[in-house]
Amino acid sequence: MPARPTKPAKPESHLSMVRRARRINRELADVYPYAHPELDFRNPFELLVATVLSAQTTDLRVNQTTPALFAAYPTPEDLAAADPEAVEQLIRPTGFFRAKTKSIMGLAAALRDDFGGNVPGRLEDLVKLPGVGRKTANVVLGNAFGVPGITVDTHFGRLVRRWKWTDEEDPVKVEAVVAEIFPKSEWTMLSHRVVFHGRRICHARKPACGACPIAPLCPAYGEGETDPDKAKKLLKYEKGGFPGQRLSPPPDYPGLPAPPLAAG
């Protein structure tokens, strides 16, 4: 007998999607209670520069590079007055070092000239700085100033589309859609949890579906490895027993610190 055709699944309502999205956030909060920004920083200036340097590279590579940079140029005034070639050599490991040197020296000069050497705590001021867009501004606001913000990086955008929260590709539109789903108080930690999950389990090329704690809530389940044993081998960072991205992680981080540049 021919198989009976299956009835198409009923489209998910917006309300159901919002409920599912909020449940995913609660589940991720249980999985990653220690979620945090994965860039090392001691003040808003260091976080701002580190975030600009993180474009097209890993947070680990940035963390391995910035200790020497900030030792040489600890303030915006110092960096603005630096020799560009010396800065280029220090940040070369992060890639695109000439363009990044221009950006970080330009933003340092703007901080010196327009903001008294201080990083502003408003999005509209931050995005005027060279090399600073909404993503970088939200990272700084959320983690250096306690101002809620949604950070739409490649991991965040990939996962929210897999989870069918939105099909938007433009980061600004993704940010706007997600901001409507969650209360403002959740924005910063939601960003950390989603990025943590994208880096550790829900990878771009081969997500570890069989080891995913939110698999029952995921419309994209099955795009990756579903065998539990094989999926476990795909886990990264503390989930796979490997060092994280920070050389100086928070005290509650369960994994190992990353090695410095000379050791890595």
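Phe-196 counts as buried in this predicted model, because its relative accessibility is 1% and the cut-off for buried is under 20%. The residue belongs to helix H11, which spans residues 187-200, and it is a good place to start a tour of the aromatic rings.

**The rings around Phe-196**

A pair of aromatic rings is described by the distance of the centres and the angle of the planes. With rings paired by centre distance, the count comes to 7 aromatic pairs. Two of them share Tyr-32, and the table sets out their geometry.

| Ring pair | Distance of centres | Angle of planes | Class |
|---|---|---|---|
| Tyr-32 and Tyr-34 | 6.4 Å | 85° | edge-to-face |
| Tyr-32 and Phe-196 | 5.8 Å | 70° | edge-to-face |

Why are both called edge-to-face? Planes over 60 degrees apart fall into that class, and the angles here are 85° for Tyr-32 with Tyr-34 and 70° for Tyr-32 with Phe-196.

The pair of Tyr-32 and Phe-196 links distant parts of the chain, with their positions 164 residues apart. Tyr-32 sits in the loop that runs from helix H1 (14-31) to helix H2 (44-53), while Phe-196 is in H11. Is Tyr-32 buried or exposed? Its relative accessible area is 1%, so Tyr-32 is buried. Tyr-34 is buried too.

Taken together, the ring pairs join Tyr-32, Tyr-34, Phe-196 and Tyr-253 into a cluster. Phe-196 also has a charged partner: the charged end of Arg-200 sits over the Phe-196 ring, 3.7 Å from the ring centre.

Asp-252 brings us back to one of these tyrosines. Leaving out residues up to four places away in sequence, Asp-252 touches Pro-33 and Tyr-34. Asp-252 is in the segment after H12, and its relative accessibility of 46% makes it partly exposed. For a sense of scale, the C-alpha atoms of Asp-252 and Leu-90 are separated by 31 Å, with the two residues 162 apart along the chain.

**H11 against H9**

Helix H11 also packs against helix H9 (residues 154-162): their axes come within 8 Å and cross at roughly 85°. H9 and H11 are therefore roughly perpendicular to each other. On the H9 side, the residues that meet H11 are His-155, Phe-156, Arg-158 and Leu-159. H11 contributes Leu-190, Ser-191, Val-194, Val-195, His-197, Gly-198 and Arg-199. Sorted by class, this contact holds 5 nonpolar, 4 polar and 2 charged residues.

**H3 against H5**

How are helices H3 and H5 oriented where they pack? H3 (residues 59-72) and H5 (residues 84-91) have axes 8 Å apart, at an angle of about 155°. That makes H3 roughly antiparallel to H5, since angles over 145 degrees count that way. Thr-65, Ala-68, Leu-69 and Ala-72 from H3 meet Val-87, Leu-90 and Ile-91 from H5. By class, the contact has 6 nonpolar residues, 1 polar residue and no charged ones.

Thr-65 deserves its own look. This H3 residue is buried, with a relative accessible area of 2%. Beyond its neighbours within four places in sequence, Thr-65 is in contact with Leu-90, Ile-91, Pro-93 and Thr-94. The C-alpha atoms of Thr-65 and Ala-50 are separated by 9.2 Å, and the two residues are 15 apart along the chain.

**A threonine in H8**

Another threonine, Thr-136, lies in helix H8 (residues 134-144). Thr-136 is buried, at a relative accessible area of 7%. Which residues does Thr-136 contact, leaving aside its neighbours within four places in sequence? Its partners are Leu-48, Thr-51 and Val-52.

**Two backbone angles to check**

Most residues other than glycine have a negative phi, and most peptide bonds are trans. Lys-164 has a positive phi of about 65° although it is not a glycine. Lys-164 is placed in the loop between H9 and helix H10 (171-181), and its relative accessible area of 53% makes it exposed. Tyr-237, also not a glycine, has a positive phi of about 55°. Tyr-237 is found in the segment after helix H12 (228-232).

Note on methods
Residues are numbered from 1 along each chain as its sequence is written. This is a predicted model: local features need pLDDT of at least 70, side-chain atom pairs count only at pLDDT 80 or more; totals for chains, interfaces and linings use all residues. Side-chain values use heavy atoms; hydrogens and water are left out. Axes are lines fitted to C-alpha atoms, for helices over the stretch in contact, and angles run from 0 to 180 degrees between N-to-C directions. Helices (H or I, at least four residues) and strands (E, at least two) are DSSP runs, numbered from the N terminus. Angles under 35 degrees count as roughly parallel, over 145 as roughly antiparallel, 65 to 115 as roughly perpendicular and the rest as oblique. Contact means heavy atoms within 4.5 Å. Ala, Val, Leu, Ile, Met, Phe, Trp, Tyr, Cys and Pro count as nonpolar, Asp, Glu, Lys and Arg as charged, and the others, Gly among them, as polar. Rings of Phe, Tyr and Trp (its six-membered ring) pair if their centres lie within 6.5 Å; planes under 30 degrees apart count as stacked, over 60 as edge-to-face and the rest as tilted. Buried means under 20% relative accessible area, exposed over 50%, partly exposed in between (1.4 Å probe, protein chains only). A charge sits over a ring if NZ of Lys or CZ of Arg is within 6 Å of the ring centre and within 35 degrees of the ring normal.
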